[in-house]
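Got the viewer open? Let's take a short walk through this model, one selection at a time.

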Amino acid sequence: MLSSSSSRPLRIFDSNSSSTHYYNYYYNHNNAAIFNLRWKLSKKAVTSSSVGSNVQQPLFTDHQTGSSLIHITTTFNARQTHLKSLLKEQPPQMSTTNASFNTSPGHISPLGVSEAQNGINFALFSQHATSVTLCLSLPESGKLGSLEGGMIELSLDPSVNKTGDIWHICVQDLPRSNVLYGYRIDGPQEWRQGHRFDKSIVLIDPYAKLVEGRRVFGDSSQKMSKFLGTYDFDVTPFDWGQNYKLPNIPEKDLVVYEMNVRAFTNDESTKLGPDVRGSYLGLIEKIPHLVELGVNAVELLPVFEFDEFEFQRRPNPRDHMINTWGYSTINFFAPMSRYASGGGGSQNASREFKEMVKALHGAGIEVILDVVYNHTNEADDKYPYTTSFRGIDNKTYYMLDLNNNAQLLNFSGCGNTFNCNHPVVMELILDSLRHWVVEYHVDGFRFDLASVLCRGTDGSPLSAPPLISAIAKDSTLSRCKIIAEPWDCGGLYLVGGFPNWDRWGEWNGKYRDDMRRFIKGDSGMKGSFATRVSGSADLYCVNNRKPYHGVNFIIAHDGFTLYDLVSYNFKHNDANGEGGNDGSNDNLSWNCGFEGETDDGHIKALRSRQMKNFHLALMTSQGVPMMLMGDEYAHTRYGNNNSYGHDTSINNFLWDRLDAHKNGHFRFFSQVIKYRQTRQVFRHENFLGKSDVTWHENNWDNPDSKFLAFTLHDSNGGDIYLAFNAHDYHVKVSVPSPPQNKRWFRVVDTNLESPNDIIPEGVAWQDSAYNVAPYSSLLLEAKI
């Protein structure tokens, strides 16, 4: 413990000069650091001739005694750092800053920023750091976007401000909002031991609940802007409403719509104002479309803070691209600030995200977040983009190959791999998930490259990963859907074998592949097709797992759109700048006879049938169906199967094209979804038994047979007969007798033109046979 006469330095740092200025402050008789700084700094742009001309005389005063402790005159060698140089890296303007606050040792918990009885508490984990400095930028006008405050740096004394591996300090008299903060951290420089400390960088607090940077998405004038944490303890608690309730939709009843917040309303065809397009509020305006389509859950591509300009920070083949998908997380607690309307910043982003969730819930639609805990934005060791974890404690936060110069292991394909099963990292991930459930009311999570979360700290696969178990058993997360993408870029393919504790669902990659192959007419796929449409019991019928633990999909954000799946045999990724080396080469697609766009009416009709075949198969399969935004109007990316870096019509939802397809393609997609929602035979709680399905098939072993028909039995006699013909010729099939006192009604024939391709109430069918057209499918329903 320090005596009352002990002192330690406060550092005021000027990033625009080589000078760092130290002042002593004193401890009171209770050994709490009482520091009172009253200073007024006039800052102006400085040329080389004016360096050293700005003289200031701060007065340090003990306000408990009223006595002057030290009176110092100092020369500042250059202008003081302020927000514009922090965030915009532009020349500063004239401004004046007043600051007055005390500090005390603070508390170790909670991590991040919190309100304490005597101030604002800052707590940060770093096991290997030797010095930690809290950096603060104070508000000038009460609005973050107008800050002109100088950067104040408080060096934390490890003998006072460190407990275990937690560094902490409480700062009194700080504003309760609109303060930017970060940390400078130093430590061992032994690269081969896994350390990457660099005290020249101001780092983002991993537990920052809000992150501030550039305000407008894709604003190239702010391309190199920095990111800092901020907080808002003045905010009025969000009003969720008296009649608000969570949808709590059973998993078996979900129909998931994978979508990108920005791309959904970014195009001018939305007819929304420019301040609303591409925002959380923009999505609210288009909820009626989701309701009309019939989906009841949205799976949002990443909405955690990310830097869309990360590809443009250095010359490289991708430096023309803007990251629009967001799979490059900066912080796991902060909503993407540039999805706020009108460049409103992080505080508005937080509020508007809640408004979006509330509105979706009000429409009966759940919100599932696509979360990326397998890696961060900080890239690799060759071209690091250090913003947080790497500079705070690289050896803790990332998997390293200690036998190879402590290089970052790369099971994510993005240069680094988050060390998910390290106890500290695991707790951060759990805290992040709980935050999104408690603060933002989200309903579930889809975990990107979730096999990474099944690796130990050395990268080896674990049979019972602690993080996966903890997520499954966490009480706060108990109401949430938890879905794994059960593979990673290191070859750990866990479809059907993902550690699950009977809680985890999975993206069923085998469903995607088998359905694509059967529908396009590959040989020998009939048995696999039957297995997939009936719920993939070969994968999930173990312990207490259910059909809904498989998320069925044919199309997802990465890969071809549904239209491109039936229009391209090969990827066309030249616009990505990597010479066509990116994206999958094995898409299991078929262009129906011509590569790309064509005016051939026969090919266009065949493509339309194939898209309808895929959609019908998806929506009549046991398990949870997921479709991709834009497939309801046949969106094309013109063969680009890896379009993550295009903030253009390649990714944007095109509302004028939706209008053009409203009475045809869209109508079919919407009606099939709604039909599924009203028929229990497609949404079984358990796997199908012999009394649930009859397979009209005695030719299973013939690899050349590409036709399958079956009947799903309903306990009330509302049987459903389905037939899928992947041959290039007609198949005349005998239709089984309907249940007693019922007759068959044709609901779907994908060979027919709209509106006859689907008639939900059905058209009576009297014949005992049906001539199923090439590449088409049929649905009959037994009714009175």
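Start by selecting helix α5, residues 345-362. Keep in mind that you're looking at a predicted model. Colour the buried positions of α5 and you'll light up Gly345, Ser346, Ala349, Ser350, Glu352, Phe353, Lys354, Met356, Val357, Leu360 and His361. As you scan along, remember that residues three or four places apart in an α-helix point the same way, because there are 3.6 residues a turn.

Now put a distance between the first and last C-alpha of α5: its 18 residues reach 25 Å, close to the 26 Å expected at 1.5 Å a residue. Step just past the helix and click Gly364, which follows α5 and has a positive phi, near 80°.

Next, bring in the strands on either side of the helix in the chain. β20, α5 and β21 together make a right-handed β-α-β unit. Select β20, residues 297-300, and show its side chains. Which residues of β20 are on which side? Ala297 and Glu299 sit on one face, Val298 and Leu300 on the other, and all of them are buried, so both faces are covered.

Stay with β20 and look at its partners:

- Strand β19 (residues 256-259) runs parallel to β20, joined by four bridges. Pick Val256 and you'll find it opposite Ala297 of β20.
- Strand β21 (residues 366-371) also pairs with β20 in the parallel sense, over four bridges. Here Val298 stands opposite Val367, and Leu300 has Leu369 as its bridge partner.

Time to zoom out. Those three strands belong to a closed barrel of eight, running β19-β20-β21-β24-β25-β26-β27-β28 with parallel pairing. Neighbouring strands of this sheet are turned by 25° against each other on average, direction ignored.

For the last stop, jump to Gln407, found in strand β23 (residues 407-408). Is Gln407 buried, exposed or partly exposed? It counts as partly exposed, because its relative accessibility is 26%, and the partly exposed class lies between 20% and 50%.

Show the surroundings of Gln407 and leave out residues up to four places away in sequence: the contacts are Trp191, Arg196, Asp381, Met399, Leu400 and Asp401. Finally, draw a C-alpha to C-alpha distance from Gln407 to Gln193. The two are 214 residues apart in sequence, yet 9.5 Å apart in space.

Terms used:
Residues numbered from 1 in each chain as written. Predicted model: local features only at pLDDT ≥ 70, side-chain atom pairs only at ≥ 80, totals over all residues. Heavy atoms only, no water. Helix = DSSP H or I, 4+ residues; strand = E, 2+ residues; numbered from the N terminus. Expected span 1.5 Å × (residues − 1). Buried < 20%, exposed > 50% of the residue type's maximum accessible area, 1.4 Å probe, protein only. Pairing = 2+ DSSP bridges. Right-handed = clockwise from strand over helix to strand, strands pointing away. Contact = heavy atoms within 4.5 Å. Axes fitted to C-alpha atoms, helices over the stretch in contact; angles between N-to-C directions.
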